[in-house]
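User: Hi! I'm new to this one. Could you walk me through it?
Analyst: Happy to. Here it is.

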Amino acid sequence: MEVSSGAIIAEVQQFYPISNDFSFIKQVVAIDYSADGAQLASLGDDFSLWIWDTETYSERLHILSPSDQSTEVSYDRWPVISFSADGRLVVYSCSEGLCIINSQHGQKLISIPENATAVAFNTSGTLLALGKESGEIKI
C-alpha cells in the first residue's frame, strides 16, 4: 500500500495447492520487508514462511511447516518475523520456537527453543535480540 495515498499496489496470497481444484488459504500473522525493500516475508498461521520478490510480487521461497500443512497450529507464542539488515537472514516463529534461515535458498541455520514477542537483528546480523512476554530482553 502506498503510504501517501493509501492505494493498493499489489496483492499476493499465501495458499497451499491441495489439488488442481482446491487450494488451502493460510492466514497471514506476521510480515516484514527487507531493509532494501527487495523482499517481503510473510508468516502463516501454521508457521509456514513465504518470501516474495517485491519487483514482481511473485513467490520466491516457501518453507512449509513441519506439521500437517493444512492444519492451523494453536499459537502458544507470538508470531514474529524479521530480516537481518543485509536481507540475507530471516528469523521467524516456527514449531521449534524460533528459526533462522538464509533468505536466498531457505537453508535453516539454527533453531532456537525460545518463544519471543519481538525479535531484531543487530546491523551486522551477528546478534539477535529477543523480547519476552515476561518483560525481559535476551541477547
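**A chat about strands and a surface patch**

Analyst: Let's start with a small detail: a polar atom of the D53 side chain lies 2.7 Å from the backbone nitrogen of E55. Keep in mind that this is a predicted model.

User: Okay, and where is D53 placed?
Analyst: D53 is in strand β5, a strand that covers residues 49-53.

User: What does D53 touch, apart from its neighbours within four places in sequence?
Analyst: With those set aside, D53 is in contact with A38, S58 and R60. There is also Q39, 14 residues away along the chain, whose C-alpha atom is separated from that of D53 by 5.1 Å.

User: Why is D53 called partly exposed?
Analyst: Its relative accessible area is 23%, and partly exposed covers the range between under 20% (buried) and over 50% (exposed).

User: Let's move to β4. Which strands does it pair with, starting with β3?
Analyst: β3 (residues 28-33) pairs with β4 in the antiparallel sense, over 5 bridges. On the other pairing, β4 and β5 run antiparallel too, joined by 5 bridges.

User: Which residues stand opposite each other there?
Analyst: Between β3 and β4, I31 stands opposite S42. Between β4 and β5, A41 stands opposite I51.

User: And how many residues sit between the strands in those hairpins?
Analyst: The β3 and β4 hairpin has 5 residues between its strands, and G37 in that turn has a positive phi of about 75 degrees. For the hairpin of β4 and β5 there are 4 residues between the strands, with F47 in the turn showing a positive phi of about 75 degrees.

User: Why do you say β4 is largely enclosed?
Analyst: Because 6 of the 6 residues of β4 (residues 39-44) are buried, the strand is largely enclosed by the rest of the structure.

User: Which residues are on each side?
Analyst: Q39, A41 and L43 are on one side, while L40, S42 and G44 are on the other. Both faces are covered, as all of these are buried. As background, side chains in a regular strand alternate between the two faces of the sheet.

User: New topic: which residues form a nonpolar patch on the surface?
Analyst: That patch is formed by L127, I137 and I139, which together have about 370 Å² of accessible area.

User: Where is L127, then?
Analyst: L127 is in the loop between β11 (118-121) and β12 (128-131). L127 is partly exposed, with a relative accessible area of 46%.

Key: Residues are numbered from 1 along each chain as its sequence is written. This is a predicted model: local features need pLDDT of at least 70, side-chain atom pairs count only at pLDDT 80 or more; totals for chains, interfaces and linings use all residues. Side-chain values use heavy atoms; hydrogens and water are left out. Buried means under 20% relative accessible area, exposed over 50%, partly exposed in between (1.4 Å probe, protein chains only). Helices (H or I, at least four residues) and strands (E, at least two) are DSSP runs, numbered from the N terminus. Two strands pair if DSSP finds at least two bridges between them. Contact means heavy atoms within 4.5 Å. A polar contact is a pair of N or O atoms within 3.5 Å; within protein, one must be able to donate a hydrogen and the other to accept it, and residues adjacent in sequence count only if both atoms are side-chain atoms. Patches are made of residues with over 30% relative accessible area and no salt bridge: like charges are joined within 9 Å, nonpolar side chains (Val, Leu, Ile, Met, Phe, Trp, Tyr) within 5 Å. Accessible areas come from the Shrake-Rupley method with a 1.4 Å probe; for residues, only the protein chains shown count as cover. A salt bridge is a side-chain nitrogen of Lys or Arg within 4 Å of a carboxyl oxygen of Asp or Glu.
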